[in-house]
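Visitor: Could you take me through this structure slowly and explain the terms as they come up?

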Amino acid sequence: MELLIVFAVVLAVAAFVGAPLRTRARGLDPDAGLRAELADLEAAKEAKYHEIRDAELDRRTGKLSDEDHRALDAELRAEAVALLKKLDAVRARLAAAQEADGPAPGGEAATPSPPVG
Amino acid sequence: MNPSRKRRIRLVVALTAALLAAGALVYTSFSAGSDEKTAGQLLDGAVAGKTYTLAGTVKDGSVRRADGVLWFKVRDPHRPVSVRVRYTGLVPDPFREGRGVMVKVVRRGDLFVGEKDTMVTKCPSKYQVAPPRPGSRLASIA
Amino acid sequence: MATVGRALLIVAFAVALYGVGASLYGAFAGGRAWVDSGRRAVYALAGVLTGAFAIMEVAFLRSDFSFNVVATHSSTTTPTFYKATAAWSSQEGSLLLWVWLLSVWSSLALALTRRRVREVAPVATAVLMTFAGFFLMLTIFWANPFETLAAVPQEGTGLNPLLRHPAMMFHPPMLYSGYTLFSIPFAFAIGALVTRRLNAEWIVSTRRFALAAWLCLGVGIVLGARWSYTELGWGGYWAWDPVENASLLPWLTGTAFIHSIMIQERRGMLKVWNASLVLATGTLAILGTFLVRSGILDSIHAFGASTLGVPFLILIGAMVLGSVGLVVSRRAELRTEHRIDSLLSREAVFLAQNVILVALAFVVWWGTFFPLISEAVTGTRASVGPPWFDKYTVPLAFVLVALSGIGPLVPWRRLTLASVRRGFVLPAVVGGVVALALLLVPGAWSQPKAAAFAGVVGFVVASVVQELWRGMRARQSSAQESAPVALAGIVRRNRRRYGGYVVHAGFATLLLGVAVSSSFQHAKDVSLKPGQSARVGGYDIRYVRATSHAGSEKISLGAVLDVSKGGKHVATLRTTRGFYPSQDVTQGIVGRFFGGESESEVGLQAGFGRDVWTVIDPDIAPLEPIIQQGNDTFRRAMTGILARGGGRQQLAQLYALRDVAVTAVARRFVTRPWAADFRFIVSPLATWIWIGAIVTFLGGLIALWPAPATARRRVTAGYAARVARELARTTQ
């Protein structure tokens, strides 16, 4: 009985762990670097938006004067714009690379999900 | 002054301050530390009036209490010698004969007087208890 | 089922090894299929270890003494709650708990990040599975919880009575959750360094786990302190014991990390510092686990010297060398993107706070390992005690708390004089008033440092209240909400910020409790007979009567005490000392009921203003003549029964008489009481330590709780639209 239990567990584990090897195409994703860069920029963009929001909250709670906030907000929005431009450039490169390569291995989404946190 | 030079100066000042602070800490630890000694080491070379941390095992049959004072012997883990300790103050719950103990002591002749509330006893990872329900399960190990 | 348990450990070990190989192969050659298979190996590991852990738990609950670990750490009369938790009172069970928690938290981390950090995650998986493989190797070959006994005893030896405390039962799972959760940012940092993906994404993915680790480890530390205060009979909560310090070290560096990571998120600064901090934290978490088990440092807590020390040292050595090597080799990618704009900015305050925390960690580390360091340097083992620790940690804690009040008031990037006026005046006034008020309390002028610290705490709490108030008012002005709704709204929309502020207020309160309760404590050791009194800290404590109880598990001798002040009754305290029976037959049939382990039940009257604490230490020497008489009588009776070939029934009758005799012996403490030793302690504001801890961890929960996705999108969408308009303007 105990042997049966162990055997069943081993089979279940092997089936579960080996499933991706049976169902997915193998090989490295040639666009992995671009996707990773895109994900980094998305995360940086979200962080920049939060910074902009934090600065506004600082103004509304009196930590920053209107004048200081204007200067900081302009700085942050300029940084955000720069990030958006970089994002657009990377998206364009990724789209071009995907056209050249065909569908990505494993049938994954072209762009990663935005970071949550 | 250019910003890069300013930053370097700040870094040097900060690192110097950190090193000085660390140095003071290291120095005071060596001067404030109390030497850990076994019973044999204390018998051989303990100087009267100096504080040592005695580490060893409480000798079986040596524990006595009288008038709020605890008397016990600590044996050396490596030699068949032990020292007599007179201790007042907090006695940790796990304190027992045969258990590891550490206590700060000062030599007075052949006696070592423990500093109040400095005793630490090794907590055993398991312990032995007799079967608590009387009668029913004791037949084999009475 | 022990066989199944052993087999599951081996299966788990194989899965861990597979996970390492599949993840690394997938990352560098094989592609996503292998990476996904490696991730599934983590899930499978969690499943298999849950099965193994369940088998061990069931064995404890059923008191299956064929399991060695059950026979040596539990008994049939151990209450069910403590049976369930006795599993981790042993070396073997605690190691299994550690690796099980690692597998569960790793599974959660990898599931939540499966669509992100795609280059980093496989290497992180390999690191986590390496840890799992290491701990499984220890459990399989050195400390197997599924070892069985050839001769199954009818009764187990029971749980150490000192561990029969609710706090002690949650303390290890919380500590290990902290340690294993800190392994996750460690692993992701290694992955980021190896793959050179050192930008924003890996921070975002692992920041929450670092905060969860901080929370769990902190709760575990406080539970340990609470146990010490209410279970151990010394009246303190922190002794700078090596094992206490070992859990504090990663908590200190982890606190530094969760702050400084915000600077990297915003400004791309402190990358080397953050990488080093998170790697150090993960290493210290393993070091803490090692210290408890190796026996290299004398501690009240140690499991005892074992053979596990060497494998741990090898792992820690590899972690240190690997971490240093990676950081040095990746210093180009870790170059800072910006510099600190001003020394008067939140970035600068965070950096100062980081330096203080790391300094604290260094002090604690040095003092903890000093016996080994001194032996290596001078040949003599020496140790430093609480006064040495206090000399350095107290001023550092002072500065740390002050910074925790200053930080929330300072904006990012730069602080102006106008900001100082707007933000600092009110909290500074409150702090000053609090300090003066404390100095006016009779006797307090003798402790000006405590009064100054109280002032700093007042400043911190006032700054947090001010921030909450201003945030609420800002929201009210835009959203037309009532005050409570606005407050809830502003906190809900800015959980990290306001959760963090609440943590600061709670932590400052906790340290205030520590400062005042230790600076103004009154303690007295007295010997009293029933009817006699002692005066401590303005309270009169009268020993009303002695108590005794002979239960199925232990004999308790205790006291009922009346506490009064100025003639008015304040509280009734009950304290006992429990004596557990011993299996040492040489102590005699009656004597062994008084000759085993003993533990104190503390008498505690806690209040917002002060705690009155007491413990009794009744000397049982006066009982020895009658115990010896009992031993002789029952030994003769036993011998007689066995000589006459008497059976079970006669023996059972003898044991019943023995129980009556033991109860009567214990009762003499009540009928003919003698003087017992008491320790009385009156500690002002001690309860605020625990209140402060609860507030701290509540703040941590607020900061940790994820905002609903819809709210996140709504919030950022607004800014996205504004920035997009900006972008459109600049590209035209």
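Guide: What follows is a short conversation about a helix, a sheet and a contact between chains. The model is predicted, so local features need pLDDT of at least 70 and side-chain atom pairs count only at pLDDT 80 or more, while totals for chains, interfaces and linings use all residues. Residues are numbered from 1 along each chain as its sequence is written, and chains are lettered from A and ligands numbered from 1 in the order in which they are written.

Visitor: What makes the span of α2 in chain A close to the expected one?

Guide: The expected span is 1.5 Å times one less than the number of residues. Helix α2 (residues 32-60) of chain A has 29 residues and reaches 42 Å from its first C-alpha to its last, close to the 42 Å expected. Helices here are DSSP runs of H or I with at least four residues, and strands are runs of E with at least two.

Visitor: Why is one side of β2 and of β8 in chain C left without a neighbour in the sheet?

Guide: Two strands pair if DSSP finds at least two bridges between them. The open, antiparallel sheet has the order β2-β10-β9-β8 in chain C. Because β2 (522-528) and β8 (603-605) of chain C stand at its edges, each has a single partner strand.

Visitor: How do you know that β9 and β10 of chain C are joined?

Guide: There are 8 bridges between β9 (residues 610-617) and β10 (residues 676-684) of chain C, against the required at least two. C:W613 stands opposite C:I681 in β10(C).

Visitor: What makes residues of chains C and A count as being in contact?

Guide: Their C-beta atoms, placed from the backbone, must lie within 7 Å. The contact takes 53 residues from chain C and 52 residues from chain A. On the side of chain C that touches chain A, α1(C) gives the largest share, 9 residues.

Technical notes: Two residues are in contact if their C-beta atoms, placed from the backbone, lie within 7 Å.
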